[in-house]
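I wanted to get to know this structure by way of its empty and filled spaces. Here are my notes, in the order in which I looked things up.

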Amino acid sequence: MRKRMFWLASAAGIGLALAAVPAPAQTVKVGMVSTFSGLNANIGEYMERGMRLYMKLHEKDLPPGVKIDLLVRDDNGANPERAKQVAQDLIVQDKVQLLAGVIFTPNALAIAPLTIQAKVPLLISNAGTSIITTKSPYIARFSFTLWQSSYPFGQWAAKRFKRAYTMVTDYAPGHDAEDAFSKSFKEGGGTIVNSVRVPLMNPDFAAYMQRVKDSKPDALFVFVPAGKTATSVMKGFADLGLKDAGIKLIGPGDITPDEELPNMGDVALGVVTAFHYSAAADRPANKAFVAAWKKEYGAKETPDFVSVGAWDTMDAIYYVVRAQKGKIDADKTMALLKQYKNPDSPRGPISIDPETRDIVQNEYLREVRKVDGELANVELETIGTAVKDPWKQFNKK
Ligand code: PHB
């Protein structure tokens with residue numbers, strides 16, 4: 001009898017204890033693959049900072065008891081083997097429910113098959129080659145494609161220049177930039193005088209710049225994968241005297257990343273680019289974003305296009321987590337991502353094209369100018385509104 005009383009009392013106690021404990025915490029694990037070593041190692045920090053700032057400012061927007069755990073891994077530059085390995089470890093050992101990030105296209109292509117095998121959605125925050133999203137139904141892109149900037153830019157350039165020379169990094173996004181710009185520039189009546197592809201690792205820009213100078217084009221169109229490489233281009237362009245020879249340097253915004261402008265110096269003044277994001281844009285959502293960035297990381301710090309890609313990726317992650325109350329299902333996640341829209345991103349209105357899972361966004365024409373004594377990518381006009389990836393439009397099955 002005494003024993004029975006004991007059991008009843010304990011059971012009641014357990015019941016009370018259970019009632020007092022809030023619903024069990026639901027943690028969503030997100031694996032971020034990015035670049036913190038190797039080529040352009042500084043870019044990864046702009047991505048991680050963008051994600052962490054979003055998480056800090058939006059913690060309250062998650063359902064009660066739901067948490068997001070961001071696991072950050074270094075893929076060591078354009079290194080597909082390493083990227084595949086870290087993504088696999090995140091999936092198998094850490095059991096992440098979502099993958100995000102990825103600076104370099106070869107890395108995104110290496111991870112794509114894993115997203116199908118393991119059914120883990122990947123939200124691309126940077127890598128910009130058009131084909132990436134065709135490689136897995138579990139990929140959606142929150143960054144850009146090179147076709148998106150360079151195709152409308154070629155149309156614009158054909159109205160100003162007769163002869164253009166193209167110089168791109170010899171890997172997939174460079175080939176996309178070259179194809180996109182050349183197509184629309186020629187369609188608009190321009191002539192491509194020469195197209196050169198430079199190696200991804202340690203290109204000697206001086207040697208290439210001399211050849212450009214000798215062929216006297218009106219404009220030199222360049223793509224390189226942002227970061228410090230963009231500053232090397234600017235140095236080569238200045239040292240070989242191309243600016244003084246009256247050659248206009250143009251390209252997608254990857255050649256004038258906001259954070260590299262202070263390292264480039266005045267040679268960057270007058271460089272004209274097309275892109276979806278500038279830290280100098282005066283949209284209220286961007287002003288608030290840049291102010292939050294400076295408050296968090298320091299008055300001299302600036303976000304760039306990688307940061308805004310990361311910020312918007314995290315906004316999409318919060319949206320799918322909220323909609324599923326923290327219980328992530330891969331197919332449901334993809335269905336939700338296809339509906340994703342944000343009229344008020346720091347870069348302007350964005351959405352995901354449900355047919356291609358690629359971002360739809362505006363493209364702005366920008367010029368490097370001095371604003372309050374500092375170099376800035378000043379937006380001059382919108383050269384494309386709600387632009388879908390043109391490559392996918394041209395290659396519809
Ligand atoms: C890419 O590898 O897809 C890539 C990297 C850096 C950029 C743009 C594209 O600035």
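Entry 1: the shell around the ligand. What I have open here is a predicted model. I began with line-up of neighbours: the shell around the ligand divides into 10 nonpolar residues, three polar ones and one charged one. In total, 14 residues surround the ligand, and the closest are Phe-104, Thr-105, Gly-128, Tyr-171 and Asp-254.

Entry 2: polar contacts of the ligand. Which residue has a side-chain N or O atom 2.5 Å from an oxygen atom of the ligand? I found that this is Thr-105. Tyr-171 also takes part with its side chain, where a polar atom lies 2.7 Å from a ligand oxygen. Gly-128 uses its backbone instead, with a polar atom there 2.9 Å from an oxygen atom of the ligand. I then looked up how much of the ligand is covered: the protein hides 99% of the 280 Å² of accessible area that the ligand has on its own.

Entry 3: the cavities. How many cavities of 30 Å³ or more are there? I noted two cavities. The largest cavity holds about 130 Å³ of space. Its lining has 17 residues, and those closest to its centre are Ile-103, Asn-126, Tyr-171, Phe-223 and Pro-225. What takes up this space? The ligand does, as the space it takes is the largest cavity. Tyr-171 was a nice one to meet again here, being among the residues closest to the ligand and among those closest to the centre of the largest cavity. I sorted the lining of this cavity into 13 nonpolar, three polar and one charged residue.

Entry 4: the second cavity. The second largest cavity has a volume of about 40 Å³. Gly-253, Thr-256, Pro-257, Asp-258, Phe-275, Tyr-277, Ser-278, Phe-305, Arg-366 and Asn-377 form its lining. By type, I noted four nonpolar, four polar and two charged residues in this lining.

Entry 5: the largest pocket. Next I turned to the open spaces. The volume of the largest pocket is about 650 Å³. There are 22 residues in its lining, and Lys-294, Glu-301, Thr-302, Glu-374 and Leu-375 are the closest to its centre. Which helices and strands supply at least two residues each to this lining? I wrote down α9 (261-264), α10 (284-297) and β14 (374-387). The lining of the largest pocket splits into 11 nonpolar, three polar and eight charged residues.

Entry 6: the second pocket. About 270 Å³ of space lies in the second largest pocket. I listed the residues that line it: Thr-133, Thr-134, Glu-355, Thr-356, Arg-357, Trp-391, Lys-392, Asn-395, Lys-396 and Lys-397. This lining holds one nonpolar, four polar and five charged residues.

Notes
Residues numbered from 1 in each chain as written. Predicted model: local features only at pLDDT ≥ 70, side-chain atom pairs only at ≥ 80, totals over all residues. Heavy atoms only, no water. Near = heavy atom within 4 Å. Polar contact = N/O pair within 3.5 Å; in protein donor to acceptor, adjacent residues only side chain to side chain. Areas by Shrake-Rupley, 256 points an atom, 1.4 Å probe, with all protein chains shown as cover. 1 Å grid on protein atoms, 1.4 Å probe; cavity = no way out; pocket = protein on both sides within 12 Å on 5 of 7 lines; lining within 4 Å. Sits in = over half its atoms within 2 Å of the grid points. Nonpolar A, V, L, I, M, F, W, Y, C, P; charged D, E, K, R; others polar. Points joined across faces, edges and corners; volume = space filled by probe spheres on them. Helix = DSSP H or I, 4+ residues; strand = E, 2+ residues; numbered from the N terminus.
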